Amino acid sequence: MEKSTHKASSAVLTLRVEGMDCGGCERKIVSALGRLEGIKEVTASSVTGSVKIHYSGNGATSQKTIERILKELGYQVASHADHQGASSTSSSWWQTAKGRLVMTTAGLLILAFGLRLVWPALGNWPFIAATLVGLVPIAQSAWAALKMRTPFTIEMLMCIAALGALAIDAAAEAAMVVFLFAVGELLEGVAASRARRSISALANLTPSTARLMDNGDVREVSAALLKPGQRVLVRPGDRVPCDGRILTGESDLDESPVNGESIPRSRGSGDDIFAGTVNLNAALEVEVTRGAEDNTIARVIRLVEEAQAAKAPIARFIDRFAYYYMPTVVLLALLMAVVPPLISTMAWSESIYRALALLLIACPCALVISTPAAIAAGLSVGARRGLLIKGGTVLEQLGKLRLVALDKTGTLTAGTPKVTDVEALAAGQDEYDVLRLAAAMERDSGHPIATAIFAHAQQLGLVIPPATGNRAIAGRGVAGQVEGRELSLITPRHLAEQITLDDVLSVRIAELEEAGKSLAVLVEGERPLGLIAVRDEPREDAREGLAALSCLGVQVVMLSGDNARTVAAIGDSLGIEAHGELMPEDKAQRVRDWQNAGRGPVGKVGDGINDAPALAAADVGIAMGGGTDVALETADAALLKNRVTGIAELIDLSRTTLRNVKTNVVIALGLKAVFLVTTALGITGMWIAVMADTGATVLVTLNAMRLLGYRFSLSNTLTATTQKKAMHGKVSHE
């Protein structure tokens with residue numbers, strides 16, 4: 001079982017508990033603790049193994065009392081010491097309370113069958129003893145819940161069924177029922193523990209120690225003690241122990257543990273890096289920017305746990321259904337026990353037996369666990385693949401999106417301009433001369449266009465000469481001397497104010513500007529030497545991501561604050577509808593207009609800062625670049641890998657998860673329906689009923705766990721869409 005710790009504040013107490021593995025456990029705990037003095041609200045999550053108590057004011061029940069009640073109900077609050085080792089080790093199933101109960105009941109059952117064979121005169125006494133011994137912990141939990149005015153629990157139904165079976169001389173079946181119940185509980189616990197480990201394993205990504213650089217010395221310290229401002233040494237092959245910024249060094253980093261990105265990224269001085277990533281090539285000196293409790297790994301774990309604890313709408317509906325379902329089943333079982341003997345010749349022992357079997361088959365464990373198990377698995381696999389989804393409600397809504405509005409800069413495009421065209425305009429000059437001279441003048445400028453020109457010249461390996469007397473021409477460009485020549489680099493509009501441009505140059509400038517590119521013209525005196533065009537180009541995966549969204553039937557629109565001409569050019573190149581020159585409030589209004597027009601649900605994708613109003617207005621707000629505080633804390637979902645294809649992956653994961661949920665509900669209700677009928681007709685007996693209930697629980701849990709192996713494939717999406725269109729065309733033709 002997963003172990004953890006508890007945290008308290010003046011208003012909220014969070015306890016990590018062992019043994020809470022299904023929806024029935026959650027309801028029992030919520031009902032028991034919710035009636036205590038001074039407690040306003042109780043939420044329990046079997047997925048995260050946590051109970052959160054919200055106090056209403058003074059006079060609240062003490063933590064010691066709460067822990068005692070949980071222990072009486074059959075649960076154990078994990079200690080702080082347990083928590084420290086939880087992420088690295090977990091108890092094997094035979095070391096847990098449920099595992100010990102299975103082994104005990106199995107041993108007693110085998111012993112009872114052996115004694116019957118060796119000593120038949122003992123009759124049913126060995127099975128009665130096996131039943132009563134195995135029933136003790138179950139009865140204790142049922143009695144504790146009953147004292148807390150929670151009578152309709154699975155443990156209570158099990159006690160009624162087992163004791164009733166003993167009363168009608170079905171001791172062997174009673175012992176078998178107790179054993180199978182213990183097996184079912186154990187399997188639930190193992191499955192729940194596996195689901196929790198899929199997220200808690202993230203904690204192991206951060207190394208326990210770090211190499212702290214202090215006054216020229218390097219010493220090993222606990223990574224948990226690192227503070228912002230300190231410096232650490234990260235050697236090749238080491239995991240980065242903290243969120244930080246590279247001070248010196250350059251190396252490739254494997255960021256797949258954090259964002260799911262399979263290709264290592266080159267990082268150098270000034271770049272931010274995350275805890276848990278792996279340094280591949282060279283030593284790095286890194287300044288700590290966040291403490292251990294607030295690094296990227298810690299925040300992802302915290303946010304995903306909160307998301308898993310937040311129930312999806314379909315899960316809340318099933319919980320409400322189960323709340324009324326249990327009393328209804330007990331009433332039906334009572335009628336089954338009493339009515340048939342009164343209106344027919346059925347014996348009382350037979351009607352009671354069928355009623356007890358009905359109680360067992362009607363236990364809602366499989367139904368209740370069907371949804372949270374799938375939702376938890378979906379959230380877990382999303383986190384591992386760099387898709388952070390904040391809760392089951394968001395996970396459900398993602399699959400329903402029909403229109404997604406994307407920001408341009410930093411979302412569909414790289415966010416930094418790149419040189420797209422270099423053209424020589426004067427005799428004796430070629431493109432390399434133009435770029436070399438322009439780069440010399442822009443060497444010391446921080447303007448994005450200047451940076452793009454200088455970077456492009458370096459990338460081509462050009463030797464950039466020194467420039468002297470460089471000066472900025474306010475609002476126009478720069479001027480200076482390079483290789484003894486007086487040069488200036490200015491915009492076409494300002495060049496047109498100085499000289500008359502020939503028709504050929506004017507047409508070419510118009511063509512490039514119409515394509516959404518920004519231009520700089522290199523001029524010597526009044527003679528144009530060449531022009532350079534730059535543009536913030538689409539991301540490498542933009543077209544692939546948009547194609548995937550189209551395959552999923554999702555319409556894409558671009559909303560941008562950039563000038564309309566540039567936005568239209570990028571939109572045309574990507575083949576999507578585009579709107580430019582929009583203020584943040586304009587983007588939000590567009591989203592609301594689409595919702596009111598019935599084009600929704602609408603998703604909005606942006607950087608989480610200037611798109612905040614639109615992210616909030618959308619049905620689902622998705623932030624690119626999830627490593628930022630804004631992305632992790634303001635949007636409904638975040639793409640840690642910062643790729644456009646991640647949007648389609650989010651939607652596909654949601655739809656896959658919802659299909660899994662529907663399959664689970666059909667399995668749970670289908671098996672219930674079949675065996676309720678066969679049990680009522682006397683075809684199946686008590687131990688078959690328990691096996692059916694346990695089997696359904698195991699089936700839906702295993703089906704949910706299949707999601708942990710989810711992989712998004714664009715080729716599979718294209719194939720599925722093509723087949724769907726072909727089938728639709730065939731049907732239409734017929």
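1. Is L36 buried or exposed? L36 counts as buried, because its relative accessibility is 16% and the cut-off for buried is under 20%. Keep in mind that we are looking at a predicted model. L36 sits in the loop that links α1 (23-34) to β3 (39-45). Setting aside neighbours within four places in sequence, its contacts are T61, I66 and I69. Take I66: that residue is 30 residues along the chain from L36, yet their C-alpha atoms are 8.7 Å apart.

2. Now the overall picture. The protein chain comes with 26 helices and 27 strands. It has 734 residues, and 51% of them count as buried. If you look at contacts with a separation of 6 or more, 68% are between residues 24 or more positions apart. The exposed area of the chain is about 32400 Å², with carbon and sulfur atoms supplying 57% of that.

3. On to the interior. The largest nonpolar core has 51 residues, and the members touching the most others are L412, I622 and I647. There is also a second, separate core, with 46 residues, F179, F181, L358 and L360 among them. As background, nonpolar side chains in soluble globular proteins tend to be buried together.

4. L412 deserves a click in your viewer. Not counting residues up to four places away in sequence, L412 touches L406, D407, P538, R539, A542, L546, M558, L574, I576 and V644. So the list is not purely nonpolar: D407 and R539 are both on it.

5. One of those contacts, L574, leads to helix α20 (residues 564-574), where the buried residues are T566, V567, A569, I570, G571 and L574. What do they pack against? Their partners are the helices α14 (408-412), α18 (503-514) and α19 (542-551), together with the strands β22 (527-535), β23 (555-559) and β24 (577-579). Just past the end of α20, G575 adopts a positive phi of about 75°.

6. Here is one I'd look at by eye: K604, in strand β25 (residues 602-606). This lysine counts as buried because its relative accessibility is 0%. Beyond its neighbours within four places in sequence, K604 is in contact with D407 and D611, and also with A405, L406, L559, A614, L615, A618, V620, G621 and I622. I622 has come up already, as one of the three residues that touch the most other members of the largest nonpolar core. L406 and D407 are shared ground too, since they appear among the contacts of L412 as well as those of K604.

7. Over to the surface. A nonpolar patch is formed there by L331, L332, L334, L335, V338, V339, L342, I343 and W348, whose accessible area together is about 880 Å². Which helix gives the most to this patch? Helix α10 (residues 313-343) does, contributing eight residues. L332 is part of that helix, and it counts as partly exposed because its relative accessibility is 46%, where the partly exposed class runs between 20% and 50%.

8. Last, the cysteines. How many disulfides are there? The count is zero. As for individual cysteines, C242 is buried because its relative accessibility is 3%. C551 is buried as well, because its relative accessible area is 17%.

How values were computed
Residues numbered from 1 in each chain as written. Predicted model: local features only at pLDDT ≥ 70, side-chain atom pairs only at ≥ 80, totals over all residues. Heavy atoms only, no water. Patch = residues over 30% accessible without salt bridge, like charges linked within 9 Å, V, L, I, M, F, W, Y side chains within 5 Å. Areas by Shrake-Rupley, 256 points an atom, 1.4 Å probe, with all protein chains shown as cover. Salt bridge = Lys/Arg side-chain N within 4 Å of Asp/Glu carboxyl O. Helix = DSSP H or I, 4+ residues; strand = E, 2+ residues; numbered from the N terminus. Buried < 20%, exposed > 50% of the residue type's maximum accessible area, 1.4 Å probe, protein only. Contact = heavy atoms within 4.5 Å. Disulfide = S-S within 2.5 Å. Core = buried A, V, L, I, M, F, W, Y, C linked by side-chain atoms within 4.5 Å.
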